[in-house]
Amino acid sequence: MQVQFNSDSSVMGTENVAERIEASVRDKLARFADRLTRVEIHVRDENGPKHGADDKACMIEARPRGGKPIGVTEHAAKVDDAASKAARTLVQRLERQFGKAERHSHDARPDKVL
């Protein structure tokens, strides 16, 4: 699973934000690593230099092997909190997506014996 991190300059104020968020997202998505080809993390401050409640946003897009991308966006007062919320939401969506795929994939029916 390849992870790509993108951000605007206003959220990179503290040291190692990218490494910290990437490690957190990798940890939460670890059980899906063999099913995902790529994960993109985008963090931004929607108000720029102005302050506001829940103005940090994190969008995470996961690309399952052979499937359509799944994206989620969450907001919070801190970029780490927004990333954590987005990762939790993405885990729920991936569980639902992969769970449906497993429920709907059927093994070949064995021949009936009379």
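This is a short walk through the structure, one selection at a time.

**The whole chain.** Start with everything shown as a cartoon, and keep in mind that this is a predicted model. You should find 2 helices and 4 strands, and if you trace the chain along its sequence they come in the pattern β-α-β-β-β-α. Of the 114 residues, 33% count as buried. Switch on the surface if you like: the chain exposes about 7,400 Å², with carbon and sulfur atoms supplying 47% of that area.

**The sheet.** Now hide the helices and select the strands. In which order do the 4 strands of the open sheet lie? The order is β1-β2-β3-β4, and the pairing is mixed. β1 and β4 stand at the edges with a single partner strand each, so one side of each has no neighbour in the sheet. On average, neighbouring strands are turned by 15° against each other, direction ignored.

**β2 and β3.** Next, select residues 36-45 for β2 and 56-64 for β3. These two strands run antiparallel and are joined by 9 bridges. To see one pairing, pick Arg38: its bridge partner in β3 is Arg63.

**β3 and β4.** Move along to β4, residues 70-76. β3 and β4 are also antiparallel, here over 7 bridges, and Ile60 stands opposite Val72 of β4. Follow the backbone round the hairpin of these strands, where 5 residues lie between them, and stop at Gly66, which takes a positive phi near 70°. Then show the side chains of β4 and compare its two faces. Ile70, Val72, Glu74 and Ala76 make up the covered face, while Gly71, Thr73 and His75 belong to the uncovered one.

**The helices.** Bring back α1, residues 17-29. α1 lies across β1, β2 and β3, running at about 140° to β2. Then add α2, residues 79-104.

**The core.** With everything visible again, select Ile21, Val39, Ile41, Ile60 and Leu94. Among the 27 residues of the largest nonpolar core, these touch the most other members. β1, α1, β2, β3, β4 and α2 each supply at least two core residues. Which element gives the largest share of this core? That is α2, with 9 residues.

**Last stop: Leu94.** Zoom in on Leu94 and show what surrounds this residue. Leaving aside neighbours within four places in sequence, Leu94 is in contact with Leu29, Phe32, Leu36, Ala62, Ile70 and Gly99. You have already met Ile70, on the covered face of β4.

How values were computed. Residues numbered from 1 in each chain as written. Predicted model: local features only at pLDDT ≥ 70, side-chain atom pairs only at ≥ 80, totals over all residues. Heavy atoms only, no water. Buried < 20%, exposed > 50% of the residue type's maximum accessible area, 1.4 Å probe, protein only. Areas by Shrake-Rupley, 256 points an atom, 1.4 Å probe, with all protein chains shown as cover. Core = buried A, V, L, I, M, F, W, Y, C linked by side-chain atoms within 4.5 Å. Contact = heavy atoms within 4.5 Å. Pairing = 2+ DSSP bridges. Axes fitted to C-alpha atoms, helices over the stretch in contact; angles between N-to-C directions.
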